[in-house]
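Reader: Please take a close look with me at the salt bridges, slowly and with the cut-offs stated, and then go on from there to the pocket and the surface.

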Amino acid sequence: MSIKPSLKNLAYLLLVLLISALFTSVKSPAFYLSDIHADRQNHKSLQGTWKLIDGEYVNESGEVKRYADLKMTALKVLDDKHFSFISMANGKFWASGAGTYLVDENQYQETLTLASFTQNPDERYVFTFRMEGDLWIVERFDEQGKRVELEHWQRQ
């Protein structure tokens, strides 16, 4: 039994449509990654300008340095994906940097792409944070769990 040309063409067309439907229903790996990271969005509540009001860090010698003792001032600005900061100590330039950031629950992660100090390319700094009114309090810990940075930022 032979299929008439019109039925053969119809069968071919249906096969093409079925294959097309299959390929259009398969999502790219980027789609699945965006779903996985949907919770790792930037918090709208962090967007804006922040002024450093207090804090401390551990220097290369392991000494705790209080920002108040250094007369440290700084501003940090966050938009929906990017951050930048500039800081001064005792009225003189201290450091600046800019890059992208992510927020995941109480974790804030900066990826520096520009900095006034030596860094590894695309180095990431991971902080835990909490909000207390108009204060944004961030802490960073080293691999051994020792706190190496504490900052109190106030919304401007």
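**Salt bridges and their surroundings**

Author: Arg 66 and Glu 56 form a salt bridge in which the closest N and O atoms are 3.5 Å apart. Because Arg 66 lies in strand β2 (residues 64–66) and Glu 56 in strand β1, the pair ties together parts that are 10 residues apart in sequence. The model is a predicted one, in which local features need pLDDT of at least 70 and side-chain atom pairs count only at pLDDT 80 or more, while totals for chains, interfaces and linings use all residues. Residues are numbered from 1 along each chain as its sequence is written, and side-chain values use heavy atoms, with hydrogens and water left out.

A salt bridge here is a side-chain nitrogen of Lys or Arg within 4 Å of a carboxyl oxygen of Asp or Glu, and by this rule the count comes to 9 salt bridges. The partners in the pair above do not share one degree of cover: Arg 66 is partly exposed, with a relative accessible area of 34%, whereas Glu 56 counts as buried at 16%. In these terms, buried means under 20% relative accessible area, exposed means over 50%, and partly exposed is in between, with a 1.4 Å probe and protein chains only.

A second pair, Lys 76 and Glu 110, has its closest N and O atoms 2.5 Å apart. This salt bridge links distant parts of the chain, with Lys 76 in strand β3 and Glu 110 in strand β6, 34 residues apart. Lys 76 is buried, with a relative accessible area of 5%, and Glu 110 is also buried, at 5%.

In a third pair, the side chains of Arg 130 and Glu 139 meet at 3.9 Å, N to O. Arg 130 counts as partly exposed at 39% relative accessibility, while Glu 139 is buried, with a relative accessible area of 18%. Arg 130 and Glu 139 also belong, together with Arg 66 and Glu 56, to a network of salt bridges whose other members are Asp 54, Glu 132 and Arg 147.

To place these pairs in the fold, it helps to know that the protein has 2 helices and 9 strands, where helices (H or I, at least four residues) and strands (E, at least two) are DSSP runs numbered from the N terminus. Along the sequence, the pattern is α-α-β-β-β-β-β-β-β-β-β. Of the 156 residues of the protein, 27% count as buried.

The next feature is the largest pocket, whose volume is about 800 Å³. A pocket is found on a 1 Å grid over the protein atoms alone, as an open set of points where a 1.4 Å probe fits, with protein on both sides within 12 Å along at least five of seven lines, and lining residues have an atom within 4 Å of a point. Grid points are joined across faces, edges and corners, and the volume is the space filled by probe spheres set on the points. The lining of the largest pocket has 27 residues, of which Tyr 57, Phe 117, Tyr 125, Arg 140 and Glu 149 lie nearest its centre. Among the elements that give two or more residues to this lining are β1 (48–58), β3 (72–78) and β6 (107–115), and the largest share, 4 residues, comes from β9. The lining divides into 15 nonpolar, 4 polar and 8 charged residues; Ala, Val, Leu, Ile, Met, Phe, Trp, Tyr, Cys and Pro count as nonpolar, Asp, Glu, Lys and Arg as charged, and the others, Gly among them, as polar.

On the surface, Leu 75, Ile 86, Met 88 and Phe 93 make a nonpolar patch of about 350 Å². Patches are made of residues with over 30% relative accessible area and no salt bridge, like charges being joined within 9 Å and nonpolar side chains (Val, Leu, Ile, Met, Phe, Trp, Tyr) within 5 Å; the areas come from the Shrake-Rupley method with a 1.4 Å probe, and for residues only the protein chains shown count as cover. Ile 86 has its place in strand β4 and is partly exposed, with a relative accessible area of 44%.

Finally, two loop residues deserve a look. Asn 90, in the loop between β4 and β5, has a phi near 55 degrees, a positive value in a residue other than glycine, and is exposed at 53% relative accessible area. Glu 105, in the loop between β5 and β6, likewise has a positive phi, near 55 degrees, and counts as exposed at 66% relative accessibility.
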